[in-house]
Amino acid sequence: MWNWDYVIELLPVFLKAFPVTLGAAFLGFTLSIVFGLLFALAGRSAFWPIRWTSRAIVEFIRSTPLLVQVFFLYFSVPMLTSFAMSAFITGVIALGLHYGTYMSEVFRSGIDAVPRGQWEAATALHLSKRKTWLSVILPQALPPVVPVMGNYLIVIFKETPTLMAITLVELLLTAKTEVSASYRVFEPYTIVGLIFLVVSLIFSIGVRRLENRLSQRENPGGGGKR
Amino acid sequence: MNAQLDKSFMTEPESTLHIEPSSLHAASAKPNPIVSYQSIQKSFGDLHVIKGIDLDIYPGEKIALIGPSGSGKTTLGRMLMTLEEPTSGTILIDDEPLWQTELKGKRIRANEKHLRKMRSKVGMVFQHFNLFPHMSVLNNVSMAPRSVLKLTKEEAEEQAIMMLRKVGLDQKLQVYPSQLSGGQKQRVAIARALVMQPKVMVFDEVTSALDPELVGEVLFVIKEIADEGQMAMMLITHEMEFAREVADRVVFGADGLIVEQGTPEDIFTNPQSERLQAFLKRFL
């Protein structure tokens, strides 16, 4: 049932697809941080139309499946706007938007955890809104949520096979193509599963290390009431 | 004859010398108040914290606000720093309304731009210090002069070091707040507020969160700053001895109203109202 010669034959094929999967995951993750921050900040805007629009978008994206969003971006958007993107770009944007809504919740919790006294001190020093966010709030809000962000990187990585639906030649689509050529189901899918397992484990070890480093660095006191 | 001449010679310059900023409000030629609370009320939901307060603070004047907890002292200070908006009434800073602006002849609620301009005259030191934990002492004090007053890095740091020397912490420039004692943190916070050169500074129960043995060093620093004179100070405090020593005027508030005010002498040795007499008894 298990043919080692076939496995060795498959490895270079998967090696070619692996960077696509990894690239989509990392770029999607980066974009999700950008969108997440935007949603989190817009959700706190003093101007209600911005606040409501942002919340509506977040709610809408979270309430619809990623696969539907991927299809919409890949097939419907070009019809509506005559603006077409490659499968890779579409996939990265879809992952970024979808997980950006979850990431915004992570950032929100980090921002909420900054003591109110820090905002008040910034006001008492006449700092601008921009300066308050960039120099006072975000540097305190982000480090504690880095581990949670890391977990989302793993989630996004494992979600990349969704993109085979729009013909992105990532690991799973490569496996499927191999299967239909060789009629051997066992090896290709198992190898894909193993690759995901190994990379995810490496990521989570990295996240745990980061978590330890951050909790060691955390310095209590000085920030007023928590 | 000779002695008489001598006397008048002695008294003449003394009376002119006595016109210091701190006692100006007592003289007939009153300057305009730097801060004026006019029929201020404040409610938090159903809780009516301030029930109509009128209070003027004159340039350079040191006033101490004393009274039982929950009497609205802190809220009064926070309103001046724009951290709390009065439910009704007007606060003037330099004769200009803090919470309202004029638009086409109509008074409207102040926008952020107006508030920023107005609050540049006010500074505040908090009970819980509120230092920025991710910044060194030097950065804590020099960031606002750089970012708000647009000083260069060198100028801002020079100013910051000068203020830190004033509070006796210029040896701790690169230290982080978590490595400081409570008293040291509060002195950094004082330097951080001072460097912005406000015309009036609110000290909101600045020793209440400190261990008893650290209170002295902070009060000493505040006393020194008070003795420099130019800046008006609003000292919200439970330290009666300190209020007596530093304040030009002591204001006793209870249940959201000013019950009694006067010189420290009047308030502490000759209290009129029963409320104040009962309050002071607990501190003796």
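Let us start in chain B, where four strands make an open sheet in the order S2-S1-S4-S5, with antiparallel pairing. At the edges of this sheet lie strand S2 (47-57) and strand S5 (96-97) of chain B, each of which pairs on one side only. Keep in mind as you look around that this is a predicted model.

Now walk across the sheet. S1(B) and S2(B) run antiparallel and are joined by eight bridges. One place to look is B:Phe44, whose bridge partner in S2(B) is B:Leu47. The hairpin made by these two strands has two residues between them, and B:Gly45 takes a positive phi near 60° there. Toward the other edge, strand S4 (residues 88-93) of chain B pairs with S5(B) over two bridges, again in the antiparallel sense. There you can find B:Ile93 standing opposite B:Glu96 in S5(B). As a general point for reading any sheet, side chains in a regular strand alternate between the two faces.

What lies across these strands? Helix H2 (residues 73-80) of chain B lies across strand S1 (35-44), S2 and S4 of chain B. The helix runs at about 65° to S2(B).

Step back now and take in each chain as a whole. Chain B contains 10 helices and 12 strands, while chain A has nine helices and zero strands. Reading along the sequence of chain A therefore gives the pattern α-α-α-α-α-α-α-α-α. The C-alpha atoms of chain A fill a box of roughly 70 × 50 × 25 Å along the principal axes.

How much of each chain is buried? In chain A, buried residues make up 33% of its 226 residues; in chain B, they make up 44% of its 284 residues. We can also ask how far apart in sequence the touching residues are. Taking contacts between residues at least 6 apart in sequence, 80% of those in chain A join residues at least 24 apart. For chain B, the corresponding share is 65%.

Next, look inside. In soluble globular proteins, nonpolar side chains tend to be buried together. The largest nonpolar core here has 85 residues, and the ones that touch the most other members are B:Ala191, B:Phe203, B:Met234 and B:Leu235. Take B:Ala191 as an example: leaving aside residues up to four places away in sequence, B:Ala191 touches B:Val141, B:Met163, B:Leu164, B:Lys166, B:Val167 and B:Leu169. There is also a second, separate core of 39 residues, which includes A:Ala17, A:Val58, A:Leu95 and A:Tyr152.

The two chains also meet each other. Their contact takes 27 residues from chain B and 21 residues from chain A. On the chain B side, helix H3 (112-119), strand S8 (122-125), helix H4 (137-147) and helix H6 (182-194) each supply at least two residues. By class, this side of chain B has 15 nonpolar, eight polar and four charged residues.

Finally, how confident is the predictor? The model scores ipTM 0.85 and pTM 0.84. Chain B averages a pLDDT of 88, and 89% of its residues score at least 70. Among the elements of chain B, strand S9 (residues 200-204) has the highest mean pLDDT, 97, and helix H1 (residues 2-17) the lowest, 43. Over residues 1-20 of chain B the pLDDT is below 50, and this stretch has three contacts in the model beyond near neighbours in sequence.

Technical notes. Residues numbered from 1 in each chain as written. Chains lettered and ligands numbered in written order. Pairing = 2+ DSSP bridges. Contact = placed C-beta atoms within 7 Å. Axes fitted to C-alpha atoms, helices over the stretch in contact; angles between N-to-C directions. Nonpolar A, V, L, I, M, F, W, Y, C, P; charged D, E, K, R; others polar. Buried ≥ 20, exposed ≤ 12 C-beta atoms within 10 Å, placed from the backbone. Core = buried A, V, L, I, M, F, W, Y, C linked by C-beta atoms within 7 Å. pLDDT = per-residue confidence, 0-100.
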